[in-house]
Amino acid sequence: MKAALITGITGQDGAYLARFLLGKGYQVYGLLARRSTATTWRLDELDIVNQVELLEGDLTDLSSLIRAIQIAKPVEVYNLAAQSFVGTSWEQPILTAQITGLGVLNVLEAIRLTDPGIRFYQASTSEMFGFIQEPMQSEKTPFYPRSPYGVAKLYGHWISVNYRESFGMFACSGILFNHESPLRGIEFVTRKVTDAVARIKLGKQTQLALGNIDAKRDWGFAGDYVEAMWLMLQQQEADDYVIATGHTTTVREMCRIAFEYVGLHYEDYVVIDPKLYRPAEVDILLGNPEKAYRKLGWRPRTSLEQFIRMMVDADLNRVRNEGFSPILASI
Ligand code: NDP
Ligand code: GDR
């Protein structure tokens with residue numbers, strides 16, 4: 001049985017990828033960072049927590065990564081762990097650099113020192129494009145990150161490319177544009193909105209404070225995007241790919257869709273809080289996934305309207321069961 005190791009298995013993408021790889025017959029190991037409270041609610045939600053093997057470790061601790069690889073003996077390592085919230089990266093820039101930037105080097109070194117034949121996936125991001133220099137961003141678009149998070153990710157991206165070129169390692173970077181789901185963290189704007197829609201609909205909240213609602217994002221569904229990660233590691237040669245839908249939508253329009261689904265108008269509830277504006281913003285992201293279409297045969301399957309409805313439905317359920325839900329207890 002082939003084994004895979006996922007760092008960030010307790011995150012949104014980690015949980016969906018674990019389920020996807022289990023479906024493909026992999027033995028799935030995940031790195032579990034020590035926290036004061038349990039963070040496995042997403043694995044519980046997908047009902048797979050007993051099917052994966054969790055190994056304690058941290059991206060900033062090289063020895064724990066080497067140990068995890070020695071135990072799991074994976075053929076593939078997916079590096080999804082990160083301090084992934086852009087907003088926090090201005091509050092904790094050094095921690096963000098240590099985890100999201102240097103952490104990638106630790107994983108690559110752990111692989112190089114144990115079994116350099118292991119195939120490696122790095123979770124790169126459209127945030128690396130930042131200040132947009134081309135209307136549609138592809139693998140060839142120059143990078144200009146606009147947050148400490150984006151800068152840290154750019155280091156992770158280039159060190160992965162460098163290990164491929166220096167040591168011939170099979171290292172791929174997926175430059176993924178925003179992707180969402182009912183398992184999305186509450187701090188990200190789609191989930192913040194769908195959670196508020198549920199609370200307002202059920203009479204538990206009256207307003208929703210947001211920052212820049214004119215920002216545009218190319219939003220896809222996380223469940224579709226994890227397949228692209230796996231496909232990259234099944235190719236003859238390691239390469240980098242943009243994964244996106246090719247459509248962009250304002251935060252404002254996303255709000256309209258979410259509120260209208262429950263018969264409400266976002267204008268009646270959304271207030272703008274200037275404190276939620278970022279020190280530097282990425283105004284618009286729009287990905288060109290043509291290379292992934294052509295070489296991986298990958299396609300996004302779920303529309304923005306579909307997954308926003310899924311998220312609102314999930315949040316309505318959670319809010320209704322509040323107080324009893326182990327999921328809510330941990331977010
Ligand atoms: P999440 O924030 O949901 O998950 C991040 C994961 O990283 C969690 O499992 C978290 O553990 C883990 N983690 C954080 N710090 C450490 C550490 N020091 N050592 C080990 N593990 C750690 O992110 P997503 O699932 O949304 O994203 C997955 C990856 O893809 C991230 O690298 C993200 O930056 C990147 N990405 C995401 C996109 C998106 O739209 N979702 C788009 C492009 C890239 P814990 O649960 O214990 O905190
Ligand atoms: P992003 O996602 O920064 O693109 O990073 P987020 O959902 O946080 O923000 C998207 C856009 O919405 C605007 N916005 C707000 N954002 C949040 N979080 N909260 C608000 O109240 C709010 N109001 C407006 C933001 O300014 C921004 O323009 C995500 C993460 O998953 C990264 O890890 C990943 O790399 C990128 O997507 C691609």
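This passage describes the sheet of a predicted model, the helices that pack on it and the surroundings of ligand 2.

A good place to begin is the sheet. Seven strands make up an open sheet with parallel pairing, and their order across it is 3-2-1-4-5-6-11. Strand 3 (53-56) and strand 11 (240-243) occupy the edges; each has a single partner strand, so one side of each is left without a neighbour in the sheet. From one strand to the next, the twist averages 20°.

Within this arrangement, strand 5 (residues 119-125) and strand 6 (residues 171-176) are paired in the parallel sense over six bridges. Here Tyr-121 has Cys-172 of strand 6 standing opposite. Helix 8 (residues 222-233) packs on the sheet, where it touches strand 4, strand 5, strand 6 and strand 11. The direction of helix 8 makes about 155° with that of strand 6.

Helix 1 (residues 12-23) also deserves a look: this helix lies across strand 1 (3-7), strand 2 (27-32) and strand 4 (76-79). Relative to strand 2, helix 1 runs at about 160°.

Attention can now turn to the ligand. Around ligand 2 there are 22 residues, of which Val-86, Thr-125, Val-189, Gly-211 and Ala-215 come nearest. By character, the shell consists of nine nonpolar, seven polar and six charged residues. Two domains contribute to the shell around ligand 2, with at least three residues drawn from each: domain 1 (3-179 + 219-243) and domain 2 (185-218 + 247-284 + 304-329).

Key
Residues numbered from 1 in each chain as written. Chains lettered and ligands numbered in written order. Predicted model: local features only at pLDDT ≥ 70, side-chain atom pairs only at ≥ 80, totals over all residues. Pairing = 2+ DSSP bridges. Helix = DSSP H or I, 4+ residues; strand = E, 2+ residues; numbered from the N terminus. Axes fitted to C-alpha atoms, helices over the stretch in contact; angles between N-to-C directions. Contact = placed C-beta atoms within 7 Å. Near = placed C-beta within 6 Å. Nonpolar A, V, L, I, M, F, W, Y, C, P; charged D, E, K, R; others polar. Domains from an automatic or database assignment.
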